[in-house]
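User: Please take a close look at one acidic residue and its surroundings, and then place it in the setting of the whole chain.

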Amino acid sequence: QVQLAESGGGLVRTGDSLTLSCASVTSGRIFSSTAMAWFRQAPGKEREFVAGMRWTGGARYSDVVKGRFTISKDSSKNTVYLQMNSLQADDTAVYYCAARTGAPTTSASDYNKWGQGTQVTVSS
């Protein structure tokens, strides 16, 4: 019913900004109970929570990105964004968009809908 597609990844330098997009393809409206989130996974590491939000509003962030990243949405486009500022080398990872019914929890196993991922590489 819900399919997600990330885009916007690329190669940037330390301190640069980048915005990722997650387009949702649905047969109809996105229910207000839906939560959207961004996760990332670097080589050799587990998938970690980055940011999440309820479709109706409200956001939460991991401590390592708080103050630098912003999650937002455009309801008219069924799209979620991740604005990343002051990028660091440690931000290098494949970024995934995810969705679930309920709260935007921090555990990847809680989400049942995933995009294919988009690579973000930050060079020093």
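The residue in question is Asp 91, and the request concerns its place in the chain, its burial and its contacts.

Analyst: The account below rests on a predicted model. Asp 91 is found in a loop, the one that links β8 (79–84) to β9 (93–101). Its relative accessibility is 1%, and because buried means under 20%, Asp 91 falls in the buried class. A polar atom of the Asp 91 side chain lies 2.8 Å from the backbone nitrogen of Gln 88. Once neighbours within four places in sequence are set aside, the residues in contact with Asp 91 are Arg 40, Arg 68, Phe 69, Ser 86, Val 120 and Val 122.

The chain around this site has 11 strands and zero helices; read from the N terminus, its elements run β-β-β-β-β-β-β-β-β-β-β. Of its 124 residues, 39% count as buried. Among contacts with a separation of 6 or more, 57% join residues 24 or more positions apart.

As for overall dimensions, the radius of gyration is 13 Å, which agrees with the value near 14 Å for a compact globule of 124 residues. Along the principal axes, the C-alpha atoms fill a box of roughly 45 × 25 × 25 Å.

At the surface, the chain exposes about 6,500 Å², of which carbon and sulfur atoms supply 46%. Its charged side chains comprise 13 positive and 9 negative ones, and the centres of these two sets lie 7 Å apart.

Technical notes: Residues numbered from 1 in each chain as written. Predicted model: local features only at pLDDT ≥ 70, side-chain atom pairs only at ≥ 80, totals over all residues. Heavy atoms only, no water. Helix = DSSP H or I, 4+ residues; strand = E, 2+ residues; numbered from the N terminus. Buried < 20%, exposed > 50% of the residue type's maximum accessible area, 1.4 Å probe, protein only. Polar contact = N/O pair within 3.5 Å; in protein donor to acceptor, adjacent residues only side chain to side chain. Contact = heavy atoms within 4.5 Å. Rg over C-alpha atoms; globule rule 2.2 N^0.38 Å. Areas by Shrake-Rupley, 256 points an atom, 1.4 Å probe, with all protein chains shown as cover. Lys, Arg positive; Asp, Glu negative; His and termini not counted. Charge placed at Lys NZ, Arg CZ, Asp CG, Glu CD.
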